[in-house]
Amino acid sequence: MERMLRGEDEFESKSGTDIMEAPSGEDDPDPTQRAKRKRYHRHTQHQIEEMESFFKECPHPDDKQRKELGRRLALEPLQVKFWFQNKRTQMKAKHERCENTQLRNENDKLREQNIRYKEALSNATCPNCGGPAAIGEMSFDEQHLRIENARLSEEIDRISGIAAKYGTSMGPATSSAQFSGPTEADKPMIIELAVAAMEELIRLAHSGEPLWLSSPDNSTEALSEEEYFRTFPRGIGPTPLGLKSEASRESAVVIMNHMNLVEILMDVNQWANVFSGIVSRAVTIEVLSTGVAGNYNGALQVMTAEYQVPSPLVPTKRKLLCEVLLYGVEHVEVDDRAVHSIYRPLVNSGLAFGAKRWVATLDRQCERIASAMANSIPADVGVITTSEGRKSMLKLAERIVMSFCTGVGASTAHAWTTLSRSGADDVRVMTRKSMDDPGRPPGIVLSAATSFWLPVPPKRVFDFLRNENLRSEWDILSNGGLVQEMAHIANGRDPGNSISLLRVNSANSSQSNMLILQESCTDSTGSYVIYAPVDIVAMNVVLSGGDPDYVALLPSGFAILPDGPTQHGAVIPDGSGGSLLTVAFQILVDSVPTAKLSLGSVATVNSLIKCTVERIKSAVGGENA
């Protein structure tokens, strides 16, 4: 690399004006011959400008183009060829040097962040007594064994999936098997089932009582199974042992054109974006029909999707789809036996995966999309002066939310390892290698998450965590520094739906200030506060309307859900009830992707997340937390 960079400097010093007329071969002992072979030709300014202009359009001219260019500029085709070779080498070296510089800066920034965490943890105090915080020790040997067990479990799942494909049952691990595309013989049956399902869906959407039963406060609607099997004799078949049927319905008016809405629902790539808190993965297995020209009428796709609750304590559920649910009707079979006890009331009520959560999420996301498309809405506060800068910031925040939601759930794509067995708030960790992804820093990324119950309503928890003036009460990274909001963008009717650019003014004068990009979002079924430290130089590019896809991010944050419904099935109002809070961090522990995971890094992250939990409990939960 050093030799390459020196070569680049040589090319730059010539500025494309000097080229050797003929390449030298082996070393020639005759100085006269060597001097003849090393004659250099200095191009005129006009020749350079013409070739520079041509290079922008075509950096690899063919023989005919080189001859024509040489004729116009009074140069030999070989001279033109050497100039373009030198220019390409120069541009490649320059690009690689810029790339290396950017990666070094990002790694230095993240290394500084890790040092901040360690220093903050070493100075952490107990929120109750004011003395040094004792987070608890963990066995490195035990943790090493658990990480190895997680790796072996992942391997067993992979082998089980292969066995399941060929008809061999190996128990619960077979849930990780991938669906294969339908055979030609299956397609007529699939089309027939899809048509019947669509007709049934339309009838379910338009029917009232006695098929649908409303809760006493009319906040939710549940399907009467007895009436359903009387109305639809074929039904969905017998419910397998251990599973229970779940069906719900919800309606809302959303800010989106109906054709755009259909387009979103028919595109699995947009599912993980619009429904990032619900859909962990979605794949189109096969497109059986694309519909008539210009619209999706008659379109038929076979999809598979994995649904999640933002917590490692709730296993995902998988569903095979032959159509898209356009009317907010959700009818599935659920296995809740592996769900942790603190989440079971929420899952059993149907609020975790039900239609109410889907429609509330869609409504909020439609507001967000409308905000991103608006040209005339200025930033409420701060440094964003152009609509392009505002859109770039919204796009970057959107990626933060997607990255957080993808990594916080118990997806079959992730192998969580539990660090302790002390109760519901066990810390779970997983590692992954980040390589060749411009949106993530390269290296070993350690994710840690825990979920726990708080005896306070979700709105109170949400308002506390998103308030920059209260951030120092829980954010160890801020280390007592003043947090100032530099920019604020509202992206929904609720004041809690917003994007903020925060500056942490370090209390230690020897440390530099840092920037944090944060998105907070809320609806009737759940809330998020998600943030990521960002590089100042990169944010200046984004604020000026530059491409945000190349900003390296490792989001952390919180997912807040109600702890369950009332006795009638409705969500408990904000003034009562408790909260289920998931805390998740992502930290780059080594900038080399092939490096081994340090158990010291695991211990640091474990202490960080436990200390954060204790601070939150002390601040909002009182003595009962």
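Start by selecting F275 and W358: both are buried. You're looking at a predicted model, by the way. Find F275 in the loop between α10 (268-274) and β6 (279-290), and W358 in helix α12; the two sit 83 residues apart in sequence, so this pair ties together distant stretches of the chain. Now check the ring geometry. The ring centres are 4.9 Å apart and the planes make an angle of 55°, so the pair counts as tilted.

Stay with the helix that carries W358. Show α12 (residues 355-373) next to α13 (residues 387-408) and look along the pair: their axes are 9 Å apart and cross at an angle of about 150°. With roughly antiparallel starting over 145 degrees, α12 and α13 therefore count as roughly antiparallel to each other. To see where they touch, select R368, S371, A372 and M373 on the α12 side, then R390, K391, L394, A397 and E398 on the α13 side. Colour that contact by residue type and you get 4 nonpolar, 1 polar and 4 charged.

Next, go hunting for rings. How many aromatic pairs does a search of the whole structure find? There are 10. Jump to one of them, F55 with W83: this one is edge-to-face, 6.5 Å centre to centre with 80° between the planes. F55 belongs to helix α3 (residues 45-57) and W83 to helix α5 (residues 77-122), so here the pair links parts that are 28 residues apart in sequence.

Are these two rings buried or exposed? Buried means under 20% relative accessible area. F55 has 12% relative accessibility, so it counts as buried; W83 has 1%, so W83 is buried too. Add F54 and F84 to your selection, and you have one aromatic cluster made of F54, F55, W83 and F84.

Last stop: helix α14, residues 458-466. Select P458, V461, F462, F464 and L465, which are buried. Turn the view until you're looking down the axis of α14: these buried residues fall within an arc of 165°, so they line one face of the helix. The general rule helps here: an α-helix has 3.6 residues a turn, so residues three or four places apart point the same way.

What do the buried residues of α14 pack against? Bring up the strands β13 (443-454), β16 (514-523), β17 (526-534), β18 (556-562) and β19 (579-590), and then add helix α16 (599-621) to complete the set of partners.

Note on methods: Residues numbered from 1 in each chain as written. Predicted model: local features only at pLDDT ≥ 70, side-chain atom pairs only at ≥ 80, totals over all residues. Heavy atoms only, no water. Buried < 20%, exposed > 50% of the residue type's maximum accessible area, 1.4 Å probe, protein only. Helix = DSSP H or I, 4+ residues; strand = E, 2+ residues; numbered from the N terminus. Arc of directions from axis to C-beta. Contact = heavy atoms within 4.5 Å. Axes fitted to C-alpha atoms, helices over the stretch in contact; angles between N-to-C directions. Parallel < 35°, antiparallel > 145°, perpendicular 65-115°, else oblique. Nonpolar A, V, L, I, M, F, W, Y, C, P; charged D, E, K, R; others polar. Phe/Tyr/Trp six-rings, centres within 6.5 Å; stacked < 30°, edge-to-face > 60°.
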